[in-house]
Each structure stands twice: as structure tokens, then as C-alpha cells.
Amino acid sequence: MTRFIESEAEHAHLGGLLDRIEAGVVAYEEWEIDVRSFGTAAELQESLREILPNGPAPVTVTPVNLPRLRGAAAGPTLFERHRGRRARDGRVEVERRYFGGVPRSAGDPASEWYVSGADAPRAFTMSLSADGAEVRGFAADHCFHLDDVDDRGRGAGEGSGEVSWFGIGFSGLPSVLVIPAHRSRLQVHLDHDGAYIAFTARDAEDRGSELAREQAYDERWAHWLNDDVLLGQRELDEAQRRVEADLDAVMANRGEQ
């Protein structure tokens, strides 16, 4: 069973739909998956393949033994940035660069996984573009290379215990997003009639807070955002007073810091 939340897609808005039809693009969809609800890599892979059944490269999800992966490395296990393409002879070419600021917590690296040393969020992303059934290009940020994960990090023992880390990738490509199973949400983006697929991994609690703020905003301003509602002068004046009071509170709080 697929366990995901489908986000509001651009094609739900008439203006966006017409713009995309004019550009010759029909399919545009977004989903959001709470990774915490999956007990095994096989379950998560099944759900992702339900979402993307006709993708140019099958989605793969494998259990990752992060302590083994880190312990086998001669130096720090560095996040990588990949930019690649498939050459005319069929070979996959990839440019690899490295990020600093690897999580160093020995006890719970998941607590630092999505945050850099400067407390800025890390962008865990992976995407591919295709021409028909053929992959043309791909990119990933804060990923690992498949060879390293295969050599050092496989074998988390799904059948014998709890899986703490998942490795997400595309069959035939070298990029793997390694994410903590119990702290992650995954956003899936499909565009250009399925010729472009992208994943973004987020900290589940941070994303949950963001969604709660978005919902609160929508509930507060839904009346104002409805084009069919004509606002009266009294309502406009009251809203202006509320906004000014909120702004004064923010400025006062900054002055106290």
C-alpha cells in the first residue's frame, strides 16, 4: 500500500494548467511521503514505484548500514555533489565534488544529518531528465556514490531487525541519497510529461512545522485569497490593524534581543 500525501499540483490551478498546455507540457505532479511510516526498504521502494511506474530508470531503495559505511572509510565520509550524463556509447559519466561539514555525532548522526555546522539546512536532492526511455542527465546534492555504498554500507539486516537508514537511487545511476528512516520526509516531483523526476529529502519535524505554518496561513487568509469574495471596508480596516500590531510585536521582539 502506498503511504503518501499528494500535494497540491500546479495543474489544479486553471492559469497554471493553461500555461503548461501552451508550452506542450501536460503531466506535472508532486507527492510527499512520510518515510517514517515504512519499516523496510522494500516497502518504500514499492510505494515510490507506484508513484513513478513508467520512469526512465526504476527507483531503487536499499537498507544502508551507516556505521559500517563510516567505519570502513579511511577518512571522513563526505557528502558528494554529482553532475552527470549518459554518453552516446552508453557509458555513465559523472563529475564528483565533495561537501564539508559531515555530521560527526558518534551516537546519533541522524540528529545532525539535515543541518550543516552553521545550522543551515542541507539540500538533499536528486533528479534525472530523460528523452523517452533514455536517461540524458542527472544531478544530486549531498549524496554518496553507489560504489562506496555497495562496498561498505550494504547489509543492514532488514529481516532481523529495525532499519535505521535507507539508500534511494535510480537503477543504472551512481548517485544514492542516504537518509535516516525515522527522521525523514521525501518530496517527489514529476514534470515535463514524466521526462523530469526529482527527489528532495527533508527533516520530518522541520517539514511538519513548515506544513503547520502553511496550513495556519491558509486558514487565516483563505477568505482574502478567494477571488469570489468581495471584502468590505470594515474588514479591510480590521485586517490592517492586525497586520500593524503583528509587525509592531516583531520589531519589539527584535529590539529586546
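A residue counts as buried when its relative accessible area is under 20%. Keep that cut-off in mind as we walk through this structure, which is a predicted model.

Let's start with the aromatic rings. The model has eight aromatic pairs. In one of them, the ring centres of Trp 113 and Phe 124 sit 6.3 Å apart and the planes make an angle of 25 degrees, so this pair is stacked. The two residues come from distant parts of the chain: Trp 113 belongs to the loop between β5 (92-98) and β6 (124-131), while Phe 124 is in strand β6, and 11 residues separate them. Both Trp 113 and Phe 124 are buried.

Now look at another stacked pair, made by Phe 170 and Phe 199, with 5.4 Å from centre to centre and 5 degrees between the planes. Here too distant parts of the chain are linked, since Phe 170 is in strand β8 (residues 165-170) and Phe 199 in strand β11 (residues 196-203), 29 residues apart. Are these two rings buried or exposed? Phe 170 has a relative accessible area of 3%, so it counts as buried. Phe 199 comes out at 0%, so it is buried as well. While you're at Phe 170, find Phe 138: the two are 32 residues apart in sequence, and their C-alpha atoms are 9.9 Å apart in space.

Back to Trp 113 and Phe 124 for a moment. Ring pairs join them with Phe 79, Tyr 114, Phe 144 and Trp 165 into a cluster.

Next come the charged side chains. The model contains 15 salt bridges. A good one to look up is Asp 34 with Arg 185, where N and O are 3.8 Å apart. Asp 34 lies in strand β2 (residues 29-34) and Arg 185 in strand β10 (residues 184-191), so this salt bridge ties together parts of the chain that are 151 residues apart in sequence. Asp 34 and Arg 185 are both buried. Asp 34 also has a salt bridge with Arg 36, and there the closest N and O atoms are 2.9 Å apart. How accessible is Arg 36? Its relative accessibility is 37%, so Arg 36 counts as partly exposed.

Elsewhere, Arg 85 pairs with Glu 93 in a salt bridge whose closest N and O atoms are 3.0 Å apart. Arg 85 is partly exposed, at 45% relative accessible area, and Glu 93 is partly exposed too, at 25%. As for Asp 34 and its partners, shared salt bridges join Glu 32, Asp 34, Arg 36 and Arg 185 into one network.

Let's turn to a loop. Asn 65 is found between β3 (59-63) and α3 (66-72). What does its side chain reach? The side chain of Asn 65 comes to 3.1 Å from the backbone nitrogen of Arg 68. With a relative accessible area of 18%, Asn 65 falls under the 20% cut-off, so it counts as buried.

A comparable kind of contact shows up at the start of helix α5. There, a side-chain oxygen of Asp 203 reaches to within 3.1 Å of the backbone nitrogen of Glu 205. Follow α5 (residues 204-225) along and you'll find a kink of about 40 degrees, centred on Glu 219. Which residues of α5 are buried? They are Ala 204, Arg 207 and Trp 221.

Helix α6 (residues 233-256) is the place to look for Leu 247. Leu 247 has a relative accessibility of 51%, so it counts as exposed, given that the cut-off is over 50%. Together with Val 250 and Met 251, Leu 247 forms a nonpolar patch on the surface, with about 280 Å² of accessible area in total. A general point about helices is handy here. An α-helix has 3.6 residues a turn, so residues three or four places apart point the same way.

One last stop is the backbone of His 142. This residue lies in strand β7 (residues 134-145). Its phi angle is near 60 degrees, a positive value in a residue that isn't glycine. His 142 has a relative accessible area of 9%, so it is another buried residue.

Technical notes:
Residues are numbered from 1 along each chain as its sequence is written. This is a predicted model: local features need pLDDT of at least 70, side-chain atom pairs count only at pLDDT 80 or more; totals for chains, interfaces and linings use all residues. Side-chain values use heavy atoms; hydrogens and water are left out. Helices (H or I, at least four residues) and strands (E, at least two) are DSSP runs, numbered from the N terminus. Buried means under 20% relative accessible area, exposed over 50%, partly exposed in between (1.4 Å probe, protein chains only). A polar contact is a pair of N or O atoms within 3.5 Å; within protein, one must be able to donate a hydrogen and the other to accept it, and residues adjacent in sequence count only if both atoms are side-chain atoms. A salt bridge is a side-chain nitrogen of Lys or Arg within 4 Å of a carboxyl oxygen of Asp or Glu. Rings of Phe, Tyr and Trp (its six-membered ring) pair if their centres lie within 6.5 Å; planes under 30 degrees apart count as stacked, over 60 as edge-to-face and the rest as tilted. Patches are made of residues with over 30% relative accessible area and no salt bridge: like charges are joined within 9 Å, nonpolar side chains (Val, Leu, Ile, Met, Phe, Trp, Tyr) within 5 Å. Accessible areas come from the Shrake-Rupley method with a 1.4 Å probe; for residues, only the protein chains shown count as cover. The bend at a residue is the angle between axes fitted to the seven residues ending there and the seven starting there.
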